[in-house]
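Hi,

Here is the structure I promised to pass on. Have a look at it first, and my notes follow underneath.

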Amino acid sequence: MRKKKSVVYNAPFLQEPDGSVECRAPINKPIEPEKYIDPAMIGVLVAMAVMFIIICVVLRLFSK
């Protein structure tokens with residue numbers, strides 16, 4: 001004869017008036033995306049700003 005395994009659930013349950021039992025898993029709040037700033041992206045933005053300034057200066061010099 002096989003031994004019956006006992007299973008333990010941590011989910012809260014509701015017992016209905018008719019005697020049936022309904023298990024419900026806890027509802028977790030939705031996962032929010034991490035607010036992460038990539039250092040490489042900051043470097044790229046700074047480099048683009050410097051290049052923009054250099055281009056403006058060079059165009060100003062040659063426009064005269």
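Going from the N terminus to the C terminus, the pattern reads β-β-α. In other words, the protein has two strands and one helix. Please keep in mind that this is a predicted model. The mean pLDDT is 80, with 77% of the residues at 70 or more. That confidence varies between elements: helix 1 has the highest mean pLDDT, at 95, while strand 1 (residues 13-15) has the lowest, at 72.

The helix is where I'd spend your time. UniProt, in an unreviewed entry, lists residues 40-62 as a "transmembrane region". In the model that span is 100% helix and 0% strand, and its end C-alpha atoms are 33 Å apart. Bear in mind that such an annotation may be inferred rather than shown by experiment.

Now for the surface. A nonpolar patch of about 1,100 Å² is built from I37, I42, V46, V50, F52, I53, I54, V57, V58, L61 and F62. Take L61 as one example: this residue sits in helix 1, which covers residues 39-63. Is L61 buried or exposed? It counts as exposed, because its relative accessibility is 63% and the cut-off for exposed is over 50%.

What about the protein as a whole? Of its 64 residues, 0% count as buried. The accessible surface adds up to about 7,300 Å², and carbon and sulfur atoms account for 66% of that.

Cheers

Notes
Residues are numbered from 1 along each chain as its sequence is written. This is a predicted model: local features need pLDDT of at least 70, side-chain atom pairs count only at pLDDT 80 or more; totals for chains, interfaces and linings use all residues. Side-chain values use heavy atoms; hydrogens and water are left out. Patches are made of residues with over 30% relative accessible area and no salt bridge: like charges are joined within 9 Å, nonpolar side chains (Val, Leu, Ile, Met, Phe, Trp, Tyr) within 5 Å. Accessible areas come from the Shrake-Rupley method with a 1.4 Å probe; for residues, only the protein chains shown count as cover. A salt bridge is a side-chain nitrogen of Lys or Arg within 4 Å of a carboxyl oxygen of Asp or Glu. Helices (H or I, at least four residues) and strands (E, at least two) are DSSP runs, numbered from the N terminus. Buried means under 20% relative accessible area, exposed over 50%, partly exposed in between (1.4 Å probe, protein chains only). pLDDT is the predictor's confidence in each residue, from 0 to 100.
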